[in-house]
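Colleague: I'd like a close look at one spot here. Could you start from a single ring and then work outwards into what surrounds it?

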Amino acid sequence: MRTRLDKVPIAWANLTHNHKNLANALAGITFAVLLMFMQVGFLNSLLDSTVQFLKILDGDLFLISKQTASTSDNEEPFARARVFQARRFPGVLQAHYVHLDRKFWKNTENHLKKNIRVVAIDPDVPVFLDPEINSQLEDLKKDDVVLVDRLSKKHFGPITKGVRTEIEDRMFSVVGNFTLGTDFGHSGTVIMSDKNFLNLFKDEDELNAERKRVELGLIKIDPAADLQRIQEDMRKEFAQDLLVLTREEIIAMERYYWLEGTPVGFVFGLGTVMGFIVGTIICYQVLFTDILNRLQQFATIKAIGYSNRYLVGTVVRQSLILAVLGFLPGLLLSQVIYHIISRLLHLPMNLGEVQVILVLGLTLVMSAGSGLIAARKILDADPAELF
Amino acid sequence: MGTSTGTRPQDSKSPPPHRKMTILDGLKKEPVIRVQRLSHYYGSGDNKKQILFDIDLDIRPGELVIMTGPSGSGKSTLLSLIGALRTVQEGSLRVMGHELNQMTPSQLVQYRRDIGFIFQMHNLFESLTAMENVKMSLQLKKVPRTEKRDQAGHILNRLGLEERIHYKPESLSGGQRQRVAVARALATRPRVILADEPTAALDKESGKTVVEMLRELCETNDSTVLLITHDNRILDFADRIVNMVDGRIVSNVLVAESVAICEFLIKSNLFANLAASTLTDIAQKMELEIVSAGKWVIRQGDPGDKFYLIRKGITDVVVRSGAETKKVATLGEGNFFGEAALLTGEPRNASVLAKEETVLYSLDKENFQMAIDSSKTFKEQLLNAFYQRQ
């Protein structure tokens with residue numbers, strides 16, 4: 001029985017015939033793959049980092065102001081009373097609020113003040129999913145104390161337990177740390193009690209205003225209750241000023257904001273496209289040069305009865321083999337670089353299946369496309385010139 | 001009526017003795033390549049240049065045809081048209097029963113699979129081994145894997161490449177590469193083989209092997225070989241030599257038959273003193289005729305229009321005198337007749353009857369007269385021979 005394995009492996013033979021050319025080609029494809037992984041990785045990291053704070057919050061429904069487009073970039077306040085109102089809905093187990101703000105943290109080494117995210121909560125209720133934070137809530141009840149994200153950037157100076165520094169010109173003590181990570185809007189995060197938070201406001205009017213407003217409401221629903229129905233009821237009740245979102249919805253909204261609402265998503269998307277184009281050009285150059293060098297040989301097998309379709313197929317097979325061979329080292333290198341970036345910048349650089357499939361798909365399309373473009377040259381191979 | 005006898009040619013210039021199918025057998029068949037009023041042009045508009053002019057050529061199965069001619073004479077263009085590598089523009093080109101200018105592009109691709117191409121530049125795939133290069137042509141024929149390997153190995157062995165079958169072209173000499181290209185073309189035992197200088201890069205021995213293989217395919221497979229060459233060493237293998245100049249066929253000689261005719265002529269008393277070139281000229285102008293058993297070739301009393309040489313078969317010469325009809329002679333291979341009426345201008349003085357299927361070569365009156373005029377000796381000898389018989 002005749003199978004494809006019986007056939008002369010001409011595409012593989014053409015590729016591996018000249019090892020130096022193959023190495024150059026693979027280096028090019030690997031570079032393009034790396035470029036795409038970096039762009040996709042940074043974009044994904046941006047999106048992941050902006051929602052990692054939301055992911056550590058313990059809530060089935062989230063209340064935010066209608067004016068809020070992003071909880072990490074333009075969090076708008078709403079009336080705290082709305083959270084208390086939410087408690088009265090049947091099926092609601094708990095409803096708590098979170099203050100989100102930015103304040104100046106003083107670096108104790110160089111005395112420079114840097115903006116840091118302040119998350120203020122009622123330490124009597126656990127609103128976090130992170131056991132490390134929850135285990136330190138008791139410490140937060142003390143006056144002028146904070147927990148600091150240990151992955152905050154170095155420009156904040158010392159942040160370990162015991163450090164004393166100023167936040168908005170008020171002395172605070174670090175009583176513990178937790179792990180969150182930075183995002184594109186925040187270089188660091190502190191958690192404090194709402195009482196300590198309000199103490200940061202010296203102006204009476206400002207303080208009074210702040211007492212009555214929050215940026216985030218977290219609602220826990222009885223597992224036996226109908227979440228969707230409660231969400232609908234709350235939406236009707238708070239339609240004037242609030243958005244009532246599930247965990248998935250608020251995370252999706254946050255990702256959408258960064259992806260579509262800011263130039264950041266476009267820039268990284270463009271970077272991915274650039275990687276794709278660079279890869280296409282490299283792959284095209286490699287294949288085109290190979291075809292050019294073998295034009296007489298292609299013309300010969302065309303003369304003896306091979307169709308243009310077979311010859312174009314050969315070049316496309318070459319391009320797909322190049323894609324796979326170039327993708328694998330690109331994937332490995334990307335993992336190494338992701339790891340390095342993640343350690344240096346404390347950004348969540350994760351290589352997920354989606355990214356791997358996306359970049360592999362792009363690489364295959366890139367290679368097959370450039371193969372098809374290069375293969376047009378084969379149509380010029382004129383067997384009549386052989387005699 | 002005049003007759004003379006000749007003997008069978010057997011000297012070193014004869015076609016190789018191992019032939020299983022004679023050219024005479026082939027001449028009875030339909031042409032495998034029929035070229036009729038074929039013209040071809042390159043360029044267009046003011047730059048349009050005619051390369052081939054009204055070419056007519058019939059090549060029959062089993063023939064090995066060598067094409068000669070100066071560079072630019074159009075022989076490569078003709079070869080590429082027969083190979084369907086170019087499109088027929090004017091005239092008719094019928095190969096293996098296909099009218100090429102009526103075929104679709106995909107039919108032409110299929111058609112080319114039945115042709116063995118040998119190019120001057122071997123054009124082997126540099127990335128493939130000798131074996132794989134040969135397999136590339138077998139692959140098109142859907143040959144089973146083991147058979148494919150065996151066939152490729154066998155033909156490479158025949159060409160003395162058994163030690164090199166897994167070498168890539170870069171590790172082979174020019175001659176070895178050319179032999180691989182020959183193997184690639186011949187592996188499928190194609191019905192038509194088109195070759196451009198197949199022996200140019202080969203030493204004497206290798207060149208001989210290649211031509212012997214081509215010859216063998218002609219004889220055992222009925223393959224037809226059309227070969228361009230400037231290599232005089234292989235001219236002896238040709239059945240036919242076609243010479244082209246400036247896009248026209250200036251001579252089309254059935255070499256083996258021409259040699260046979262010359263041998264018959266020269267071994268007779270009549271033509272013994274003629275120069276070889278004169279004999280060749282006469283031979284080239286003779287037309288092949290096949291007469292069935294029991295048919296009259298000429299009849300007594302008819303005007304003389306041709307001179308005949310018997311190539312094969314037996315005839316009776318019969319003279320009618322009043323009511324009496326008498327057989328006066330039996331003629332066989334190498335004998336000739338019919339010259340008397342041409343020389344005297346009188347009607348035929350005897351009839352000739354084919355006793356079996358008889359192959360004859362005839363020379364018409366005009367060419368016969370030209371041959372006589374071109375050689376005074378020839379004329380005198382003919383007249384002497386004729387009058388001696390009176």
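Which residue lies over the face of A:F53, and at what distance from the ring centre?

Modeller: It's A:R117, which sits over the face of A:F53 at 4.7 Å from the ring centre. Bear in mind that this is a predicted model. There's a second case of this kind in chain A: A:R80 lies over the face of A:Y97, with 5.2 Å to the ring centre.

Working outwards, let's take the domains. Chain A is split into domain 1, made of 2-50 + 263-386, and domain 2, which is 67-240. Their C-alpha centres are 48 Å apart. As for where they meet, nine residues of domain 1 of chain A are in contact with seven residues of domain 2 of chain A.

Helix α2 of chain A spans 19-55, and A:N44 is part of α2. With a relative accessibility of 15%, A:N44 counts as buried, because the cut-off for that label is under 20%. If you skip the neighbours within four places in sequence, A:N44 has contacts with A:R255, A:N350 and A:Q355.

Next comes α9 of chain A, residues 247-260. You can do a quick sanity check on its geometry: 14 residues at 1.5 Å each should span 20 Å, and the end C-alpha atoms are indeed 20 Å apart, so the two agree. Its buried residues are A:R247, A:I250, A:I251, A:M253, A:E254, A:Y257 and A:W258. These cover an arc of only 160 degrees around the axis, which means they're on the same side of α9(A). That fits the usual helix arithmetic: with 3.6 residues a turn, residues three or four places apart point the same way. Turn to the other side of α9(A) and you find A:E248, A:Y256 and A:E260, which are exposed. What do the buried residues of α9(A) pack against? Their partners in chain A are α2 (19-55), β1 (61-65), β10 (216-221), β11 (242-246) and α10 (263-293).

Helix α12 of chain A, residues 308-345, is where you'll find A:A323. This alanine is buried, because its relative accessible area is 0%. Beyond residues up to four places away in sequence, A:A323 touches A:I29, A:T363, A:L364 and A:S367. A:L242 makes a useful distance marker: A:A323 and A:L242 are 81 residues apart along the chain, and their C-alpha atoms are separated by 49 Å.

Back to rings, since that's where you came in. Searching the whole structure turns up 14 aromatic pairs over all chains. One of them is A:W105 with A:F156, an edge-to-face pair at 6.5 Å centre to centre and 90 degrees between the planes. It ties together distant parts of the chain: A:W105 is in strand β3 (residues 92-106) of chain A, A:F156 is in the loop between β5 (145-149) and β6 (164-167) of chain A, and the two are 51 residues apart. Both A:W105 and A:F156 are buried. For A:Y306 and A:Y310 the ring centres are 4.6 Å apart and the planes meet at 40 degrees, so this pair is tilted. A:Y306 counts as buried because its relative accessibility is 3%, and A:Y310 is buried too, with a relative accessible area of 18%. Over in chain B, ring pairs join B:F307, B:F336 and B:F368 into a cluster.

While we're in chain B, its secondary structure comes to 12 helices and 18 strands. Of its 390 residues, 55% count as buried. Among the contacts in chain B with a separation of 6 or more, 74% are between residues 24 or more positions apart.

B:L202 gives you a single residue to look at there. It lies in the loop between β7 (192-196) and α7 (204-221) of chain B, and it's buried, with a relative accessible area of 7%. Not counting residues up to four places away in sequence, B:L202 touches B:G175, B:Q178, B:R179, B:G207, B:V210 and B:R233. Take B:Q178 from that list: B:L202 and B:Q178 are 24 residues apart in sequence, yet 7.5 Å apart in space, C-alpha to C-alpha.

How values were computed: Residues numbered from 1 in each chain as written. Chains lettered and ligands numbered in written order. Predicted model: local features only at pLDDT ≥ 70, side-chain atom pairs only at ≥ 80, totals over all residues. Heavy atoms only, no water. Helix = DSSP H or I, 4+ residues; strand = E, 2+ residues; numbered from the N terminus. Expected span 1.5 Å × (residues − 1). Buried < 20%, exposed > 50% of the residue type's maximum accessible area, 1.4 Å probe, protein only. Arc of directions from axis to C-beta. Contact = heavy atoms within 4.5 Å. Phe/Tyr/Trp six-rings, centres within 6.5 Å; stacked < 30°, edge-to-face > 60°. Lys NZ or Arg CZ within 6 Å of the ring centre and 35° of its normal. Domains from an automatic or database assignment.
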